[in-house]
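Visitor: Could you take me through the main nonpolar core of this protein? I would like a close look at that one part, with a word on its surroundings.

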Amino acid sequence: NDEDYAQLFSIEDLLNAFTQVISFDVAADDIDGVSGSGIASGVSLTGSFVPQPWGTIYASENMLVFAMNGYVPGQFTSERTVFLLAFGLEKSAASPQATGTVRGRFLHENSLDIHDGYLRIATSVGTDNQIVVMRVPTAGENEFREVARVDGLGKPGETITAVRFFDDIAYVVTFLRTDPFYAIDLKDNLSPKILGELSISGFSEYLHAINSDKTLMLAVGQEADDEGGILGIQLTLFDSTDPTSPKALHRYVIEDDAAVSSSSTASYDFKAFRYVSINQTTGIVIFPLRIYSPSSQAVIDFDGYAVFDVSTVDGIRPRMRVSHPNQLTAYYNGCHVYLPHRSWVINGDLMTIDNGMVISTDLDTRELKWNLTLPKPCTFF
């Protein structure tokens, strides 16, 4: 049925994958029955051929955008391209609405945003970084069209490592040897511009607003030496109350020993990051942390969660760590196991999950409340 499918992406007549969107009303009581088509009644099914089998979803109130990094073949070389496929959302149904392309590659789901009828996306074309503004198609239209852009983000050779959009403002971080932190004015989508820039060592990978007006940004990233060599995980609190002159209010480097490595899945899995707000300037941050000594034995110095107090006045201070001993290996009897890092705060207790174990800890007393070792996921012998 042609009405069920979006316009096909065709790159040298090659279609690599098919994307489906299945939607239904979770409050409906009629999704159990099956219609003559074999689809449960009350369920909407639509889809489109796409050039890439992997992508990222961005959803607004009335649109779902599937963004894919790929290439457009040329005579002598291929050009990195972001492909956009949009589905319109109306109640419990989705329908193909528009397509589009942008030069370069995007980083992750935080790289795109829809606000006030415009899609904004941050991309890197080689080491040229930009924010492109595209008008969202209206009735009778089926293509995203560029209306404005901000070029020149970052110094030569740098690429984007973090980005967040907040309605009228965006923050972008690029990195090669230092961390330029940019504040971008998006009040007028037809005339976006750079408001301010701050250069510090290292780089940010995830930016989290801790106040309602989005001027205080808590960043998880890596410290680096003067040559851009990565040293270890760091937390930074940025203040862009004056976006023309952003500042790094506080910074805490967890470790900066070149002989030791540290990492956090919160750098790329943002649901692993937990911020508990106490007020507009104070809170508690919780995130997974691994510290290890690179060697043939791969000695693990710490594996678990780090908890810090964050304050514009008192800075970033360690509160405690929750150790999760590695009791469940990634492979158990030939069965691949992966449990994402997640944390919750319930009635003042911190609950963390990692390495096949759930641990509950009192946030105030730091005392262990209980722990639970999850059952083995599979056994073949």
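Guide: Happy to! A nonpolar core here is a set of buried Ala, Val, Leu, Ile, Met, Phe, Trp, Tyr and Cys residues joined through side-chain atoms within 4.5 Å. Please keep in mind that this is a predicted model, with an average pLDDT of 86 for the protein and 86% of the residues scoring at least 70.

The largest nonpolar core has 24 residues, and those that touch the most other members are L218, F273, V285, F287, L289 and F308. Two or more residues of this core come from each of the elements β16 (216-224), β17 (230-239), β21 (282-293) and β22 (299-311).

L289 makes a good place to zoom in. Leaving out residues up to four places away in sequence, L289 touches I233, I254, S262, S263, F302, D303, G304, Y305, A306 and R321. A second core, separate from the largest one, holds 18 residues, among them Y58, V82, L84 and V102.

For the surroundings, look further along the chain. Strands β26, β27, β28 and β29 form, in that order, an open sheet with antiparallel pairing. At its edges are β26 (342-346) and β29 (368-373), each pairing on one side only, and the twist from one strand to the next averages 15°. Within this sheet, β27 (residues 349-354) and β28 (residues 357-362) pair over six bridges in the antiparallel sense, with M351 opposite S360 of β28.

Finally, a word on confidence: residues 1-13 have pLDDT under 50 throughout, and the model gives them 35 contacts beyond four places in sequence.

How values were computed
Residues are numbered from 1 along each chain as its sequence is written. This is a predicted model: local features need pLDDT of at least 70, side-chain atom pairs count only at pLDDT 80 or more; totals for chains, interfaces and linings use all residues. Side-chain values use heavy atoms; hydrogens and water are left out. pLDDT is the predictor's confidence in each residue, from 0 to 100. Contact means heavy atoms within 4.5 Å. Buried means under 20% relative accessible area, exposed over 50%, partly exposed in between (1.4 Å probe, protein chains only). Helices (H or I, at least four residues) and strands (E, at least two) are DSSP runs, numbered from the N terminus. Two strands pair if DSSP finds at least two bridges between them. Axes are lines fitted to C-alpha atoms, for helices over the stretch in contact, and angles run from 0 to 180 degrees between N-to-C directions.
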